[in-house]
Amino acid sequence: MKTILLSFAFIALFAGCQQKQQQDQKETAVDPHAITCESIGPVKLSYTYADLETQIGRKNMEDDTLTVDGKSVQVTRVFPNDTKEIKVYWAESQPPYATITKLAISNSFGPYQTAEGLHVGSTLEDLRKLNNFMPVSMTNFYNSLDGFATITGFNGGDLELNYPCLSGRLDIVKQRGVDVRMLDEIQDNETLLSSHKLFNSLDVAVVELSIQ
């Protein structure tokens, strides 16, 4: 009887060790630079300013004020002036900051990417492929004050299904013989689709990715 009890105890101990090892492997497998709908790298959408100080360290943070749509917005730069920089946008206009409205990255040399490989520097064609070739909607480069386009939707594609939180900004890297008549045709359009024939003459890249 004693031998049987010892055998059961050994089996239980062995099973417990195996389970812990599997759990440790899962935790190790989590990409510390992943873009998900919960976080970008080490910064979570659910964090408060106090959480950032605890998790990131005050020395790795820099407070700033940006103008967004004509309004002043409080921002904290995590890992400022580094390829790993993440901009944290706050809902509050003054401390204590408790509600993050957006996380954004804009360095093409940064380590952050989705599980499928989408990152700052990806092309519009990369976006289309990752979106199961469904068109990407965006604001119009040609009537934008800063010359950039903001992604407004993924039209039921994989990116919309897997990342309903995802947005970003696009920039024209190169133009190849764009027909002036085509530009006149789309000049007043508020939005464009990546399926428009205009993009046969444009090289477009992702210059910012954000979750909110």
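Ile172 touches Phe141, Tyr142, Leu202, Asp203 and Val204, leaving aside residues up to four places away in sequence. This is a predicted model. Ile172 lies in strand β9, which covers residues 166-175. With a relative accessible area of 18%, Ile172 is buried, because the cut-off for that class is under 20%. Ala205 is 33 residues from Ile172 along the chain, yet the C-alpha atoms of the two are separated by 6.6 Å.

**The disulfide**

A search of the whole structure finds one disulfide. The bond joins Cys37 to Cys165, with an S to S distance of 2.1 Å. Distant parts of the chain are linked by this pair: Cys37 sits in the loop between α1 (2-29) and β1 (39-40), while Cys165 sits in the loop between α4 (158-162) and β9, 128 residues apart. The torsion about the S-S bond of Cys37 and Cys165 is about -90 degrees, so the disulfide is left-handed. The two cysteines fall into separate exposure classes: Cys37 is partly exposed, at a relative accessible area of 29%, whereas Cys165 counts as buried, at 9%.

The table lists the relative accessible area of the residues discussed so far.

| Residue | Relative accessible area | Class |
|---|---|---|
| Ile172 | 18% | buried |
| Cys37 | 29% | partly exposed |
| Cys165 | 9% | buried |

**Strands β3, β4 and β5**

Strand β4 runs over residues 71-78 and is mostly covered, with six of its eight residues buried. β4 pairs with strand β3 (residues 61-68) in the antiparallel sense, over eight bridges. Within this pairing, Thr67 stands opposite Ser72 of β4. The hairpin of β3 and β4 has two residues between the strands, and there Asp69 takes a positive phi near 55 degrees.

β4 also pairs with strand β5 (residues 86-90), again in the antiparallel sense, over four bridges. Here Val78 has Ile86 in β5 as its bridge partner. β4 thus has a pairing with β3 and another with β5.

**Confidence**

The protein averages a pLDDT of 90, and 86% of the residues score at least 70. Over residues 1-14, however, the pLDDT is below 50, and this stretch has zero contacts in the model beyond near neighbours in sequence. Residues 24-28 are a further such case: their pLDDT stays under 50, and the model has zero contacts for them beyond four places in sequence.

Key
Residues are numbered from 1 along each chain as its sequence is written. This is a predicted model: local features need pLDDT of at least 70, side-chain atom pairs count only at pLDDT 80 or more; totals for chains, interfaces and linings use all residues. Side-chain values use heavy atoms; hydrogens and water are left out. pLDDT is the predictor's confidence in each residue, from 0 to 100. Contact means heavy atoms within 4.5 Å. Buried means under 20% relative accessible area, exposed over 50%, partly exposed in between (1.4 Å probe, protein chains only). Two strands pair if DSSP finds at least two bridges between them. A disulfide is a pair of cysteine sulfur atoms within 2.5 Å.
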